[in-house]
Amino acid sequence: MFDLAVSTVAQGLMWSILALGVFLSFRVLDVPDMTCEGSFPLGGAIAATLIAAGGSPWLSLIAGAAGGIVAGTVSGILYTKLKIPAILAGILTMIALYSINLHIMGKANISLLRTDTVFTLTQKALGISQGAAAFLLPAVLVVALGLATYWFFGTEIGMCIRATGFNVQMMRAQGVNTDTMIIVGLFISNAFIGLCGAVVAQNNGFADVGMGIGTIVIGLASVIIGEVILGVNSFKASLFAVVLGSVLYRIVIAVVLFMGMPPNDLKLFTAVLVMIALAMPMIKENLNLGKAA
């Protein structure tokens, strides 16, 4: 039971990298970006291809993040320069990335079971168990990314990105190039998502062209669950809530599977969970109104 708990928390920390990316696009930029369903498998495809070719697993993480940057930049340009609606721009990029991922891998999936990954290298270097490595590495990555994100969005350009998401007309009136702010925000968001794809592919031992299906729902579930539980009163609290939401989401999934839910129903369960989380503020408001009456 202890091993299952550690594995579940490790999965939550791992996927919180994706949740941070979704948080940046949906909450900070207020842009409904669907690119993540393409940039996530793109990161995995690049990482797996590099490792299978004998490349460094650590370098593959950087390459996966770089792939996400390219995907986010393309979506940002489609949205800001060509004036294509944000959702459609993301969907177009996502569709294009399906074929690109196939070209990168040369086939539908790549196995990493007989190769070294960042997890096996960490395990060997520190002399720890596989489970400890699977927990330690994502924890270090999440802390590093969280601190870097908090620092960056406290800088002048970071504050401009946040202000653009809050009120784009006001920022244009201040002379800020909001198109550039949106593009920068989207490529940072998708860099996180591409990095998460590279990490998850190495943890799972394979990369698959269809591994991005449903990632937007997973990311949103993590963001919303964290916000509902902790509330949002500062940027720092929001970042912590995203990570906590991702861990709690994985715990809920592990519990319902342990209770006997068929794995085929997980996507349905996740969708229902997100619906409930989204409706929670209205439910609380109605309950408070009922008590006041």
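Asp30 comes out as exposed, because its relative accessibility is 53%, above the 50% cut-off. This is a predicted model, and Asp30 is a handy place to start looking around. The residue sits in the loop between helix 1 and helix 2 (36-52). Its backbone is worth a glance too: phi of Asp30 is near 60°, a positive value in a residue other than glycine. Most residues other than glycine have a negative phi. Lys83 is another case, with a positive phi of about 60° although it is not a glycine. Lys83 belongs to the loop between helix 3 and helix 4, and with a relative accessible area of 58% it is exposed.

Past the loop that holds Asp30 comes helix 2. This helix has 17 residues, and its first and last C-alpha atoms lie 24 Å apart, close to the 24 Å expected at 1.5 Å a residue. Of those 17 residues, 14 are buried, so helix 2 is largely enclosed by the rest of the structure. Gly54 follows helix 2 and has a positive phi, near 95°.

Phe40 brings the discussion to the nonpolar interior. The largest nonpolar core has 72 residues, and Phe40 is one of the four that touch the most other members, together with Ile17, Phe23 and Ile161. Helix 9 supplies the largest share of this core, 13 residues. A second, separate core has 5 residues, among them Leu42, Ala63, Ala71 and Leu97. In soluble globular proteins, nonpolar side chains tend to be buried together. Leaving out residues up to four places away in sequence, Phe40 touches Trp15, Leu18, Ile193, Cys196, Gly197, Val200, Met211, Gly212 and Thr215.

Helix 6 (residues 130-152) also has a good number of residues tucked away. Its buried residues are Ala133, Ala134, Leu137, Pro138, Ala139, Leu141, Val142, Leu145, Gly146, Thr149 and Phe152. The length of the helix works out as well: at 1.5 Å a residue its 23 residues should span 33 Å, and the end C-alpha atoms are 33 Å apart, which agrees. Leu145 lies in this helix and counts as buried because its relative accessibility is 15%, under the 20% cut-off. Beyond residues up to four places away in sequence, Leu145 touches Ile17, Phe192 and Leu195. Ile17 is also among the residues that touch the most other members of the largest nonpolar core. As for Gly43, 102 residues separate it from Leu145 in sequence, and the C-alpha atoms of the two are 17 Å apart in space.

Next come the empty spaces. Rolling a probe the size of a water molecule over the atoms shows where such space is left. The largest pocket holds about 550 Å³ of space. Its lining is made up of 25 residues, with Gln11, Trp15, Ile218, Arg250 and Leu266 lying nearest the centre. Two or more lining residues come from each of helix 1 (2-28), helix 9 (178-204), helix 10 (215-230), helix 11 (235-258) and helix 12 (266-292). Helix 11 provides the largest share, 6 residues. Sorted by class, the pocket lining has 16 nonpolar, 7 polar and 2 charged residues. Trp15, one of the residues nearest the pocket centre, is also touched by Phe40.

Arg250, which is likewise among the residues nearest the pocket centre, turns up again in the surroundings of Thr8. Thr8 lies in helix 1, and at 10% relative accessibility it counts as buried. Setting aside its neighbours within four places in sequence, Thr8 is in contact with Arg250, Ile251 and Ala254.

As for enclosed space, a search of the whole structure finds 1 cavity of 30 Å³ or more. The volume of the largest cavity is about 30 Å³. Val31, Asp33, Ser75, Tyr79, Ala86, Ala89, Gly90 and Leu186 form its lining. Helix 3 (57-80) and helix 4 (86-105) each supply at least two of the lining residues, and helix 4 gives the most, with 3 residues. By class, the cavity lining divides into 5 nonpolar, 2 polar and 1 charged.

How values were computed. Residues numbered from 1 in each chain as written. Predicted model: local features only at pLDDT ≥ 70, side-chain atom pairs only at ≥ 80, totals over all residues. Heavy atoms only, no water. 1 Å grid on protein atoms, 1.4 Å probe; cavity = no way out; pocket = protein on both sides within 12 Å on 5 of 7 lines; lining within 4 Å. Points joined across faces, edges and corners; volume = space filled by probe spheres on them. Helix = DSSP H or I, 4+ residues; strand = E, 2+ residues; numbered from the N terminus. Nonpolar A, V, L, I, M, F, W, Y, C, P; charged D, E, K, R; others polar. Core = buried A, V, L, I, M, F, W, Y, C linked by side-chain atoms within 4.5 Å. Buried < 20%, exposed > 50% of the residue type's maximum accessible area, 1.4 Å probe, protein only. Contact = heavy atoms within 4.5 Å. Expected span 1.5 Å × (residues − 1).
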